[in-house]
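Colleague: I'm new to this model and would love a guided close look at one part of it. Could you take me through the surroundings of one residue?

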Amino acid sequence: MYPNLKLQLWRSGIRQNRLAQLLAMDETMLSKIVNGYRQPSQELRKRIAALLQSDEQWLFERTEVPPHRTDLLDRQA
């Protein structure tokens, strides 16, 4: 899971579906990246960071959700 990416999306006011459009990619694929189920390529990381005007390394710091707290994934989507 990439909580900083979610935070920056919220701060910027850009919805995931709009970011997916800007990146010319499928919304489902972007959602899987944001929620930590898929690893973005280095090129995609750079493009996302540029669009969100954020530091790439900070955006993609991973945080794992404990297995017994998967309900947290639903609340943050």
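Which residues does Ser54 touch, not counting those up to four places away in sequence?

Modeller: Happy to help! This is a predicted model, so local features need pLDDT of at least 70 and side-chain atom pairs count only at pLDDT 80 or more, while totals for chains, interfaces and linings use all residues. Residues are numbered from 1 along each chain as its sequence is written, and side-chain values use heavy atoms, with hydrogens and water left out.

Beyond its sequence neighbours, Ser54 touches Gln8, Ala49 and Leu59, where contact means heavy atoms within 4.5 Å. Ser54 sits in the loop between helix 4 and helix 5. Helices here are DSSP runs of H or I with at least four residues, and strands are E runs of at least two, numbered from the N terminus. Ser54 counts as buried because its relative accessibility is 19%; buried means under 20% relative accessible area, exposed over 50% and partly exposed in between, with a 1.4 Å probe and protein chains only. A polar atom of the Ser54 side chain also lies 3.1 Å from the backbone oxygen of Leu52.

Now look across to helix 1. The C-alpha atoms of Ser54 and Asn4 are 9.8 Å apart, although 50 residues separate them along the chain. Asn4 and Gln8 are both buried in helix 1, as are Leu5, Lys6 and Leu9. Leu5 also brings us to the largest nonpolar core, a set of 16 residues in which Leu5, Leu30 and Ile48 have the most contacts. Such a core joins buried Ala, Val, Leu, Ile, Met, Phe, Trp, Tyr and Cys residues through side-chain atoms within 4.5 Å. Helix 1, helix 2 (16–23), helix 3 (27–34) and helix 4 (42–51) each give two or more residues to this core. Leu30, leaving aside neighbours within four places in sequence, is in contact with residues including Leu19, Leu23 and Ile48.

Just before helix 1 there is one more thing to see: the structure holds one aromatic pair. The ring centres of Tyr2 and Phe60 are 5.2 Å apart with planes at 75°, so the pair is edge-to-face. Rings of Phe, Tyr and Trp (its six-membered ring) pair if their centres lie within 6.5 Å; planes under 30 degrees apart are stacked, over 60 edge-to-face and the rest tilted. Tyr2 is in the segment before helix 1 and Phe60 in the loop between helix 5 (56–59) and helix 6 (71–76), 58 residues apart. Tyr2 is buried at 0% relative accessibility, and Phe60 is buried at 6%.

Notes: A polar contact is a pair of N or O atoms within 3.5 Å; within protein, one must be able to donate a hydrogen and the other to accept it, and residues adjacent in sequence count only if both atoms are side-chain atoms.
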